[in-house]
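Here is an informal tour for someone meeting this structure for the first time. Have a look at it below, and then we can walk through it piece by piece.

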Amino acid sequence: QAQVVESGGGLVQAGGSLRLSCIHSGRIFGIIAAAWYRQGPGKERELAASITAGGSTSYADSVKGRFSISRDHDWKPVNLQMNNLKPEDTALYFCKLIARGEEYWGQGTQVTVSS
């Protein structure tokens with residue numbers, strides 16, 4: 001079965017940096033886009049960053065200028081570089097791959113930013 005796994009989360013002080021990675025395995029072909037979502041405790045899930053097969057990127061206003069999404073040619077991995085982290089960035093971060101009209105989600109990796 002297809003699987004998406006995120007890694008790189010952890011505890012970091014405000015102002016620090018983390019790099020999240022998203023790796024997939026199994027039968028996922030024709031990936032056209034990837035995205036990083038996040039969901040803080042008691043909050044709705046929000047789109048933090050996305051990237052298309054053509055390399056176009058977009059970011060939520062809350063992370064613009066601090067986060068950067070990238071990918072290798074085979075979408076292994078899809079990375080999210082997070083700089084100047086703030087306590088409000090604390091959330092469970094999810095990777096989503098889109099392929100053939102299907103969405104593939106990872107289980108999430110926890111990012112906790114302390115003051």
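Let's begin with a charge and a ring: R45 lies over the face of Y37, 5.4 Å from the ring centre. Keep in mind that this is a predicted model. There is another arrangement of this kind, with R71 over the face of W75 at 4.0 Å from the ring centre.

**The aromatic rings**

Y37 has company besides R45. Which residues do ring pairs link into a cluster? They are Y37, F94 and W105. The count of aromatic pairs comes to two. In one of them, Y37 and W105 sit 5.0 Å apart, centre to centre, with 45 degrees between their planes, which makes the pair tilted. This pair links distant parts of the chain: Y37 belongs to strand 4 (residues 31-39) and W105 to strand 10 (residues 102-105), 68 residues apart.

The pair of F94 and W105 is edge-to-face, because the planes stand at 75 degrees, with the ring centres 6.3 Å apart. F94 lies in strand 9 and W105 in strand 10, so this pair ties together parts that are 11 residues apart in sequence.

How covered up are these rings? The table gives the relative accessible area of each one.

| Residue | Relative accessible area | Class |
|---|---|---|
| Y37 | 15% | buried |
| F94 | 13% | buried |
| W105 | 29% | partly exposed |

The cut-off behind the table is simple: a residue is called buried because its relative accessible area is under 20%, and partly exposed between that and 50%. W105 has 29%, so it counts as partly exposed.

**The disulfide**

Strand 9, where F94 lies, also has a part in the next feature. The structure holds one disulfide. Which two residues form it? It joins C22 and C95, whose sulfur atoms are 2.0 Å apart. A disulfide is a covalent bond between the sulfur atoms of two cysteines. Here the link is left-handed, with -80 degrees about the S-S bond. C22 lies in strand 3 (residues 18-25) and C95 in strand 9, so the pair ties together parts of the chain 73 residues apart in sequence.

Are the two cysteines buried or exposed? C22 has 0% relative accessibility, so it counts as buried. C95 has 0% as well, so it is buried too.

**The open sheet**

Strand 3 brings us to a sheet. Four strands make up this open sheet, in the order 1-3-8-7, and their pairing is antiparallel. Strand 1 and strand 7 (67-71) are at the edges with a single partner strand each, so one side of each has no neighbour in the sheet. On average, neighbouring strands of the sheet are turned by 15 degrees against each other, direction ignored.

Now take the edge at strand 1. Five bridges join strand 1 to strand 3, and the two run antiparallel. S7 stands opposite S21, which is in strand 3. The side chains along strand 1 (residues 3-7) alternate. V4 and E6 point to one face and are buried, while Q3, V5 and S7 point to the other face and are not.

At the other edge, strand 7 pairs with strand 8 in the antiparallel sense, again over five bridges. I69 stands opposite L80 in strand 8. How many residues lie between these two strands? There are six, and the two strands form a hairpin. W75 is in the turn and has a positive phi of about 60 degrees. That is the W75 whose ring face has R71 over it.

**A loop after strand 8**

Carry on along the chain and you come to K86, in the loop between strand 8 (78-82) and strand 9 (91-99). K86 has 33% relative accessibility, so it counts as partly exposed. Leaving out residues up to four places away in sequence, K86 touches R66 and V113. The C-alpha atoms of K86 and S68 are separated by 15 Å, and the two residues are 18 apart along the chain.

Notes:
Residues numbered from 1 in each chain as written. Predicted model: local features only at pLDDT ≥ 70, side-chain atom pairs only at ≥ 80, totals over all residues. Heavy atoms only, no water. Buried < 20%, exposed > 50% of the residue type's maximum accessible area, 1.4 Å probe, protein only. Contact = heavy atoms within 4.5 Å. Disulfide = S-S within 2.5 Å. Pairing = 2+ DSSP bridges. Phe/Tyr/Trp six-rings, centres within 6.5 Å; stacked < 30°, edge-to-face > 60°. Lys NZ or Arg CZ within 6 Å of the ring centre and 35° of its normal. Axes fitted to C-alpha atoms, helices over the stretch in contact; angles between N-to-C directions.
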